[in-house]
Amino acid sequence: MSTASIELEFTSPFSRETVFKAFGDFHTIAPEVNPQVFKSIETVEGDGGVGTIRLFTFGDGVPFTSGKYKQGAIDATNFSYNYSFFEGDNLMGILDSIDHYVNIVPSDDGGSVFKQTVIYNCKGDDKPSTDVLNFEKEIYEKTYKAIEAYAVAHPETY
């Protein structure tokens, strides 16, 4: 089994707490701020904590229709969490799973840095192409910026 991965890093003027809280609400915010990518995100099982399973229905802006993920660890003290997509056509027929690891660290200016590692666990030797990986990086960046803008527009919540 081979792997491919991408590393993402976004700086924010917001504290770790604010960014962590906003991304904790990803399932409700993302379809609102980026419907071309996220048509809906439904909780299939669980209460949002570890073990929760969510079904993503993707929008017209991506070349797949659905994916299910399971929430792994959530560490509110260290502002980190992880989750894994394990089912759906977003696995492109060549992947067993896609693992996401997020850590939000403080920045020197009082804001924070959102760091995400995405690991594509391949069934065999076939890996997602560089074009696919770059496309996914663009989606992550656009979604990050949209969620941050949502937090700015909703200071009463974030």
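This is a short walk through a predicted model, from its helices to its core and its loops.

Start with helix α3, residues 130–153. At 1.5 Å a residue, its 24 residues should span 34 Å. The C-alpha atoms at its ends are 35 Å apart, which agrees. Many parts of the fold meet this helix. Its buried residues are Leu-133, Glu-136, Ile-139, Tyr-140, Thr-143, Tyr-144, Ala-146, Ile-147, Glu-148, Tyr-150 and Ala-151. Among the elements that cover them are helices α1 and α2. Strands β1 (3–12), β2, β6 and β7 (112–122) also take part in the cover.

Now look at helix α1, residues 16–24. Two packed helices are described by the angle between their axes and the distance between the axes. For α1 and α3, the angle is about 110 degrees and the axes lie 10 Å apart. An angle of 65 to 115 degrees counts as roughly perpendicular, so α1 is roughly perpendicular to α3. Which residues in α1 and α3 meet? From α1 come Val-19, Ala-22 and Phe-23. From α3 come Tyr-144, Ile-147 and Ala-151. By class, this contact has six nonpolar residues, with no polar and no charged ones.

Helix α2 covers residues 26–33. Within α2, Phe-26, Ile-29, Ala-30 and Pro-31 are buried. Their cover includes helices α1 and α3, along with strands β2 and β3 (53–58). Take Phe-26 as a close-up. Leaving out residues up to four places away in sequence, Phe-26 touches Pro-31, Phe-38, Ile-41 and Phe-56. It also touches Thr-143 and Ile-147, and both of these are among the buried residues of α3.

Step back to the core. In soluble globular proteins, nonpolar side chains tend to be buried together. Here the largest nonpolar core has 40 residues. Which of them touch the most other members? They are Phe-23, Phe-26, Phe-38, Phe-56, Phe-114 and Tyr-120. Helix α3 gives this core its largest share, seven residues.

Next comes strand β6, residues 95–106, which holds Ile-104. Is Ile-104 buried or exposed? Its relative accessibility is 0%, so Ile-104 counts as buried. Ile-104 and Val-19 are 85 residues apart in sequence. In space, their C-alpha atoms are 7.6 Å apart. Setting aside neighbours within four places in sequence, Ile-104 is in contact with Arg-16, Val-19 and Phe-20. Its other contacts are Asn-78, Phe-79, Ser-112, Val-113 and Phe-114.

The loops come last. Asn-34 sits in the loop between α2 and β2 (38–45). With a relative accessible area of 0%, Asn-34 is buried. Beyond its neighbours within four places in sequence, Asn-34 is in contact with Lys-142 and Thr-143.

Two further loop residues stand out by their backbone angle. Most residues other than glycine have a negative phi. Phe-79 is not a glycine, but its phi is positive, about 55 degrees. Phe-79 lies in the loop between β4 (66–75) and β5 (80–87). Its relative accessibility is 10%, so Phe-79 counts as buried. Phe-79 is also one of the contacts of Ile-104. Met-92, not a glycine either, has a positive phi of about 60 degrees. Met-92 is found in the loop between β5 and β6. At 27% relative accessibility, Met-92 counts as partly exposed.

Technical notes: Residues numbered from 1 in each chain as written. Predicted model: local features only at pLDDT ≥ 70, side-chain atom pairs only at ≥ 80, totals over all residues. Heavy atoms only, no water. Axes fitted to C-alpha atoms, helices over the stretch in contact; angles between N-to-C directions. Helix = DSSP H or I, 4+ residues; strand = E, 2+ residues; numbered from the N terminus. Parallel < 35°, antiparallel > 145°, perpendicular 65-115°, else oblique. Contact = heavy atoms within 4.5 Å. Nonpolar A, V, L, I, M, F, W, Y, C, P; charged D, E, K, R; others polar. Core = buried A, V, L, I, M, F, W, Y, C linked by side-chain atoms within 4.5 Å. Buried < 20%, exposed > 50% of the residue type's maximum accessible area, 1.4 Å probe, protein only. Expected span 1.5 Å × (residues − 1).
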